[in-house]
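Trainee: I am new to this model and would like to learn my way around it. Please take me through it one question at a time.

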Amino acid sequence: MHTSRPLRILTWHVHGNYLYYLTQVPHEFYLVVDDERSVHHTGRSGTLPWGDNVHEAPVDRVRDMSFDVILFQSKDAWAEEQHRILSAAQRRLPRIYLEHDPPQEHPTGTRHWVQDPNVLLVHCTPFNALMWDSGTTPTRVIEHGVKLMSEARYRGTKAEGIVVVNNLAKRGRRLGLDVYRQMRREVPLALVGMGADELAGEGGLGEVENRRLAEFVADYRFFFNPIRYTSLGLAIIEAMMVGLPVVGLATTELATVIRNGENGFVDTRLDRLAEAMKHLLAHPEEARRLGEAARRTAVERFGIERFVRDWMDAFALVTS
């Protein structure tokens, strides 16, 4: 399929910020939507500044629409929904499965459910690609790309750390609820994200809309990531782009992004993390120095231009 026109890509609204960054790619994106705006069917929803290349595809009309690529982003869409809403011809189109997470059942012994040599499986961190058993499916890694929604710059005037995790109260140990609580006994921490108000008595401030988040976190002295096991959170990279130093657990991909004493601090020992955070609270200039380096790291490794190029290559590969 050699064509100079933009590709028509059908996908689902799974991770809002990621989807916003993905739609910086100069193709046409069609988001599956239903009347209830149910999970993964919310279309152009929320407060994100969607571009003119982002459209909605009503679930009952999808099979009559014309697409060039189907981009899956969830197990349900792959295992169930495609058989309900796509025509047989659409199911034979070039297909990509974007895997957002590391394996959740067993970190090293989980075979990915997409087992098809004609599908491209895209992992968003090298760590995830390492841990998944991708089997017969060809894979590539496309690391995150971030474009701040406001030109926020680090101020660091609040002698507190900021934590950005959605629904931390419900998601428990994997997302580090216990780590957050333990660290909060040592240093002042505030929490934002969906459901953060459920921890209102423990620093939870509620949700901050996407386009305001960069400006909001700019006041805090450092960014703390309590998550044990996940992909590299976009909130971390966004905070780095603003110029916050990052303190977090030396697990998953974060261990390759943060270099101790250079752009932040990572460790698996919570007492060392508490020490590092206390040091940044006591030494604002050191926090600023580390944050400037964090910003350089984020711009070099996670710039939106490289991300767009990588996705252009992936779409060209599956349609060639």
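Trainee: How many nonpolar, polar and charged residues does the lining of the second largest cavity have?

Mentor: First, a note: this is a predicted model, where local features need pLDDT of at least 70, side-chain atom pairs count only at pLDDT 80 or more, and totals for chains, interfaces and linings use all residues. Residues are numbered from 1 along each chain as its sequence is written, and side-chain values use heavy atoms, without hydrogens and water. Asn 225, Thr 251 and Leu 254 are among the lining residues; a cavity is a set of points on a 1 Å grid over the protein atoms alone where a 1.4 Å probe fits but cannot get out, and lining residues have an atom within 4 Å of a point. With Ala, Val, Leu, Ile, Met, Phe, Trp, Tyr, Cys and Pro counted as nonpolar, Asp, Glu, Lys and Arg as charged, and the others, Gly among them, as polar, the lining has four nonpolar, six polar and no charged residues.

Trainee: Thr 252 caught my eye. Is Thr 252 buried or exposed?

Mentor: Thr 252 belongs to the lining we just discussed, and its place is the loop between strand S12 (246-249) and helix H8 (254-257); helices (H or I, at least four residues) and strands (E, at least two) are DSSP runs, numbered from the N terminus. Its phi is near 45 degrees, a positive value in a residue other than glycine. Buried means under 20% relative accessible area, exposed over 50%, and partly exposed in between (1.4 Å probe, protein chains only). Because its relative accessibility is 14%, Thr 252 counts as buried.

Trainee: Which other residue has a positive phi of about 50 degrees although it is not a glycine?

Mentor: Look in the loop between S2 (28-33) and S3 (54-58). The residue there is partly exposed, with a relative accessible area of 40%. The one with that positive phi is Arg 37.

Trainee: Where is His 41, and which residues is it in contact with, leaving aside its neighbours within four places in sequence?

Mentor: His 41 is found in the loop between S2 and S3 as well. It is buried, with a relative accessible area of 10%. Counting contact as heavy atoms within 4.5 Å, and leaving aside neighbours within four places in sequence, its partners are Trp 12, Val 32, Val 33, Asp 34 and Glu 81.

Trainee: Why are the buried residues of H2 on the same side of the helix?

Mentor: In H2 (residues 75-85), the buried residues are Ala 77, Trp 78, Glu 81, Gln 82 and Ile 85. An α-helix has 3.6 residues a turn, so residues three or four places apart point the same way. Among the elements covering the buried residues of H2 are S2, S4 (69-72) and S5 (95-99). The buried residues are on the same side of H2 because, taking directions from the helix axis to the C-beta atoms, they cover an arc of only 125 degrees.

Trainee: What is the relative accessible area of Gln 82?

Mentor: Gln 82 is in helix H2. Leaving aside neighbours within four places in sequence, it is in contact with Phe 72, Ala 77 and Arg 91. Gln 82 is buried, and its relative accessible area is 4%.

Trainee: Which residues have the most contacts inside the largest nonpolar core?

Mentor: A nonpolar core is a set of buried Ala, Val, Leu, Ile, Met, Phe, Trp, Tyr and Cys residues joined through side-chain atoms within 4.5 Å. The largest has 85 residues, and helix H7 (residues 234-242) gives the most to it, with eight residues. A second, separate core of 19 residues includes Val 14 and Phe 67. In the largest core, the residues with the most contacts are Phe 224 and Trp 311.

Trainee: How much space lies in the largest cavity?

Mentor: Its lining has 15 residues, and those nearest its centre are Leu 148, Asn 210, Leu 213, Ala 214 and Glu 238. H1 (16-22), H6 (210-217) and H7 are the elements that each give two or more residues to this lining. With grid points joined across faces, edges and corners, and a volume taken as the space filled by probe spheres set on the points, the space in the largest cavity is about 110 Å³.

Trainee: To finish, how far apart are the C-alpha atoms of Arg 306 and Glu 143?

Mentor: Arg 306 is found in helix H11, and because its relative accessibility is 18%, it counts as buried. Glu 143 is one of its contacts beyond the neighbours within four places in sequence. The two are 163 residues apart along the chain, yet their C-alpha atoms are separated by 9.0 Å.

Definitions and conventions:
On a 1 Å grid over the protein atoms alone, a cavity is a set of points where a 1.4 Å probe fits but cannot get out, and a pocket is an open set with protein on both sides within 12 Å along at least five of seven lines; lining residues have an atom within 4 Å of a point.
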